[in-house]
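Grab a pencil and work through these exercises on the structure shown here. Try each task before you read its solution.

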Amino acid sequence: MKRLCVIAGDGIGPEVTPVAVDALRLLIPNLQIFEAQAGWNCFLQQGCAVPESTLELMRECGAGLFGAVQSPARAVAGYRSAILTLRQQLGLSVNLRPVRSWPAISPKPGIDLMVLRENSEGLYVGREHMVSSDHAVAERHISRQACELLAQRTAQVARQRETKRITLVHKANVLPLTCGLFRDSCRTVLEHEGMGALVDERLVDVAALQLVEQPEAFDLVVTTNLFGDVLSDLASYWSGGLATAPSLNWGEGIALAEPVHGSAPDIAGTGRANPIAALLSAALLLRYHWELRDEAACLENAVEAFLRESHGVGFGTHTTQRVAAGVLSRIQLALE
Ligand code: IPM
Ligand code: MN
């Protein structure tokens, strides 16, 4: 029996997450749901942004749905972004961030790419120190093991998508050791997987320009943590912006679906939050982690049909409810 740990979090998290949970319940009727706490409110109440009980429940379930968490604008002693802790503690070492054209809301048709972001190291190891009061240093860690894992996941995704191109994105002209190790270890794995002919590479600045100029030319974009963070936001413009950008934090036998958007405290409680990114994140959980491909397609087709038939979705009031009703009814219809 499948189990799901739901971490709704702060802001619009508790508004968009239930919509994705409802979709999953329709697609997996005997799904068991467990709720867990994380984020800023949790920190204020329990003194901890990610309690041990949340990590335990995630490990027990092996699958989770994350909403959004708020972070204070200034450093608060003992507080670290909950999603970073979850990624690190649960070994969620790869982040899938697909971007595709959707009817009515995308600025351009014909785009279907995915950023595969290394999710555990790079500059995100968070090791910074002051050398003097005028000199700060951040460490960038790249390991062969993490790159090989990323490349193995890339090969797995490539086989499912019938990928035609795998672009390794780096800055090895300036960072030959870290980016060189990234590039070479990814290449070795992909060649070993028989995909050498699909692999090309781009420097990250060139990749950014080409993602703007010719996004339809990309298929899989494989990169390090911070480059992936930036490029995936940039590319999400083509799917209709962050409100439509899903992601899957993917480890060994464990995955956490996460809409890329934040907690949007300015619209929390107004009914305007768009649950599409949460819904599409649930679809990633279905397709890649649970390997329920028909169910994933059913969810994505329902989103697509809703957008096509309702001519997109504005940011008016009742957005959450309108999208929820539109998508869930289409899933139900498809299941009949
Ligand atoms: C993301 C977010 C996080 C990141 C922040 C909230 C720490 O921007 O999921 O892309 O930088 O990874
Ligand atoms: Mn980001």
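Three exercises follow, each with a worked solution.

This is a predicted model, where local features need pLDDT of at least 70, side-chain atom pairs count only at pLDDT 80 or more, and totals for chains, interfaces and linings use all residues. Residues are numbered from 1 along each chain as its sequence is written, and side-chain values use heavy atoms, with hydrogens and water left out.

**Exercise 1.** Work out how helices H1 and H11 are oriented to each other.

Step 1: find the helices, which are DSSP runs of H or I with at least four residues, numbered from the N terminus. H1 covers residues 13–27 and H11 covers residues 319–335.

Step 2: look at the axes, lines fitted to C-alpha atoms over the stretch in contact, with angles from 0 to 180 degrees between N-to-C directions. The angle is about 5°, and the axes are 10 Å apart.

Step 3: angles under 35 degrees count as roughly parallel, so H1 and H11 are roughly parallel to each other.

**Exercise 2.** Describe how domain 1 and domain 2 sit together.

Step 1: the bounds come from an automatic or database domain assignment, which gives domain 1 as 1–103 + 241–336 and domain 2 as 107–239.

Step 2: their C-alpha centres lie 23 Å apart.

Step 3: count the contact residues (heavy atoms within 4.5 Å). Domain 1 gives 28 residues and domain 2 gives 29.

**Exercise 3.** Which residue forms a salt bridge with Arg117?

Step 1: apply the rule, a side-chain nitrogen of Lys or Arg within 4 Å of a carboxyl oxygen of Asp or Glu.

Step 2: Asp229 fits, with the closest N and O atoms 3.5 Å apart.

Step 3: Arg117 lies in strand E5 and Asp229 in helix H8, so the pair ties together parts that are 112 residues apart in sequence.

Technical notes. Chains are lettered from A and ligands numbered from 1 in the order in which they are written. Helices (H or I, at least four residues) and strands (E, at least two) are DSSP runs, numbered from the N terminus. Angles under 35 degrees count as roughly parallel, over 145 as roughly antiparallel, 65 to 115 as roughly perpendicular and the rest as oblique.
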